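Let's take a friendly walk through a protein model, looking at its charged pairs, its helices and a few unusual spots. Have the sequence and the 3D view ready as you read.

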Amino acid sequence: MNFELTEEHIAVREAAREFAQSELLPGVIDRDTHAIFPKEQVKKMGELGFLGMMVKPEYHGGGMDTLSYVIAMEELSKIDASASVAMSVNNSLVCWGLEKYGSEEQKEKYLKPLASGEVLGAFCLSEPEAGSDATSQRTEAKLEGDHYVLNGTKNWITNGSSANIYLVIAQTHPELGHKGISVFIVEKGWEGFVVGKKEDKLGIRGSDTHSLMFTDVKVPVENRIGDEGFGFTFAMETLNGGRIGIAAQALGIAAGAYELALAYSKERKAFGKPISQHQAIQFKLADMATQIEAARLLVYKAAWTKDQGEDYSQASAIAKLYASQVAMDVTVEAIQVHGGYGYVKEYHVERLMRDAKITQIYEGTSEIQKIVISRGILR
Ligand code: CAA
């Protein structure tokens with residue numbers, strides 16, 4: 001077993017680290033406070049190739065492996081999880097499915113600009129009454145000649161107002177349950193498509209999370225991905241990969257908080273010496289470092305499994321379940337190491353704790369990951 005990163009992986013890590021420090025760190029507190037989407041930063045991420053890392057070069061992507069992607073996700077998430085979730089959704093939830101299951105025409109028209117970062121994508125599965133229970137889709141697409149008529153509401157959509165291209169999961173045959181669900185590519189600006197209210201969130205406040213309303217939106221038949229009835233499998237397979245991205249995000253949030261706590265513990269003095277010299281703090285640092293290392297191994301394993309072409313649904317759920325718990329634990333402890341300073345915005349760790357929580361909720365709650373894992377075990 002080889003735990004060494006290749007030169008390419010190290011180069012990706014350096015590039016992502018440098019970008020996070022120079023472009024994401026300035027203004028991150030302000031964007032969080034005022035819930036401002038990191039528009040310019042995400043644009044630059046596109047220019048640097050972070051938005052389509054795993055897409056083949058012929059479709060304007062970086063042609064990299066999943067390990068490169070999680071390495072970049074970790075580095076960006078150390079500083080700004082609102083920017084990294086935009087990246088994760090575009091890579092894992094939008095580009096991946098389009099590349100794997102889209103027609104050549106769809107790839108030409110939609111994947112190329114998405115992978116190069118010219119435009120941003122969103123993945124629309126959740127609904128007011130269909131979150132964890134994803135089969136209970138109410139959004140409906142009725143076939144009328146050469147187009148579908150789309151009606152319904154989607155909730156909690158990441159990149160909700162910033163995206164240009166939306167993958168929308170909808171019922172085409174409600175009587176067939178999950179086998180009657182299909183997936184469509186919808187463009188912003190189409191008549192009847194309205195971006196609804198922006199959510200005022202606890203964390204990832206810079207990420208623009210919206211509800212979306214579709215009223216009699218005409219979607220050409222050629223914008224359906226795959227056959228009718230393929231939408232639920234498409235969504236589940238897409239989320240298997242998405243969960244690796246969110247696991248990497250959780251890892252990054254934890255690692256970012258740990259690095260801040262470590263640095264602070266060396267500077268801050270109490271009882272005549274740096275607090276890092278007190279065993280109470282040393283034990284916290286040791287626990288944090290151990291949890292982060294274990295999370296990183298699980299995230300890398302999930303990425304590696306995907307790159308081997310093996311079934312990675314189990315590995316991704318395990319990585320997400322564990323890394324998101326580590327993100328919560330470590331960010332709480334990082335605040336504790338900072339004492340009162342950890343409780344104010346200037347020191348970043350309170351934001352990282354707020355950001356950590358979403359990693360236990362989106363792309364399947366921790367409870368959903370346990371369902372996926374236990375079904376895998378018992379299968
Ligand atoms: N991978 C591949 N296929 C899967 C799968 C997986 N992980 N999980 C289920 N399936 C397939 C099953 O094999 C089955 O297929 P067949 O009918 O062909 O046999 C089909 O899907 C239905 O499966 P179940 O009977 O197991 O379905 P279920 O109703 O019991 O639900 C579930 C399964 C795992 C709970 C699923 O509903 C689920 O994952 N829910 C969570 C949804 C979710 O993650 N939402 C997040 C929203 S997206 C988001 O957050 C994005 C963002 O903006 C950041």
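## Salt bridges and other features

The structure holds 22 salt bridges, a salt bridge being a side-chain nitrogen of Lys or Arg within 4 Å of a carboxyl oxygen of Asp or Glu. Side chains of opposite charge can pair when their charged atoms come close.

Some ground rules help here. This is a predicted model, in which local features need pLDDT of at least 70 and side-chain atom pairs count only at pLDDT 80 or more, while totals for chains, interfaces and linings use all residues. Residues are numbered from 1 along each chain as its sequence is written, and side-chain values use heavy atoms, leaving out hydrogens and water.

Three of the pairs are set out below.

| Salt bridge | N to O distance | Where the residues lie |
|---|---|---|
| Arg17 and Glu75 | 3.0 Å | Arg17 in helix α1, Glu75 in helix α4 (residues 66-79) |
| Arg354 and Asp32 | 2.8 Å | Arg354 in helix α10 (residues 349-358), Asp32 in helix α2 (residues 28-33) |
| Glu108 and Lys112 | 2.9 Å | both in helix α6 (residues 104-115) |

Helices (H or I, at least four residues) and strands (E, at least two) are DSSP runs, numbered from the N terminus.

How far apart in sequence are the parts that Arg17 and Glu75 tie together? They are 58 residues apart, since Arg17 belongs to α1 and Glu75 to α4. Arg17 is partly exposed, with a relative accessible area of 33%, whereas Glu75 counts as buried at 4%. Here buried means under 20% relative accessible area, exposed means over 50%, and partly exposed is in between, using a 1.4 Å probe and protein chains only.

The side chains of Arg354 and Asp32 also meet in a salt bridge. This pair links distant parts of the chain, 322 residues apart. Arg354 counts as buried because its relative accessibility is 13%, and Asp32 counts as buried at 4%.

Glu108 and Lys112 are four residues apart, about one turn of helix α6. Is each of them buried or partly exposed? Glu108 is partly exposed at 46%, while Lys112 is buried at 15%. Elsewhere, salt bridges that share partners join Glu14, Arg17, Glu75, Lys78 and Glu259 into one network.

Now to helix packing. Two packed helices are described by the angle between their axes and the distance between the axes. The axes of α1 and helix α3 (residues 39-47) come within 11 Å and cross at roughly 155°. Axes are lines fitted to C-alpha atoms, for helices over the stretch in contact, and angles run from 0 to 180 degrees between N-to-C directions. The two helices, α1 and α3, are therefore roughly antiparallel to each other, a label for angles over 145 degrees.

Next come two backbone surprises. Most residues other than glycine have a negative phi. Ile204, not a glycine, has a positive phi of about 30°. Ile204 sits in the loop between β6 (193-198) and β7 (209-220), and at 3% relative accessibility Ile204 counts as buried. Asp216, in strand β7, has a positive phi of about 50° although it is not a glycine either.

Finally, look at the start of the chain. Met1 lies in the segment before α1 (7-24) and counts as exposed because its relative accessibility is 92%.

Methods: Angles under 35 degrees count as roughly parallel, over 145 as roughly antiparallel, 65 to 115 as roughly perpendicular and the rest as oblique.
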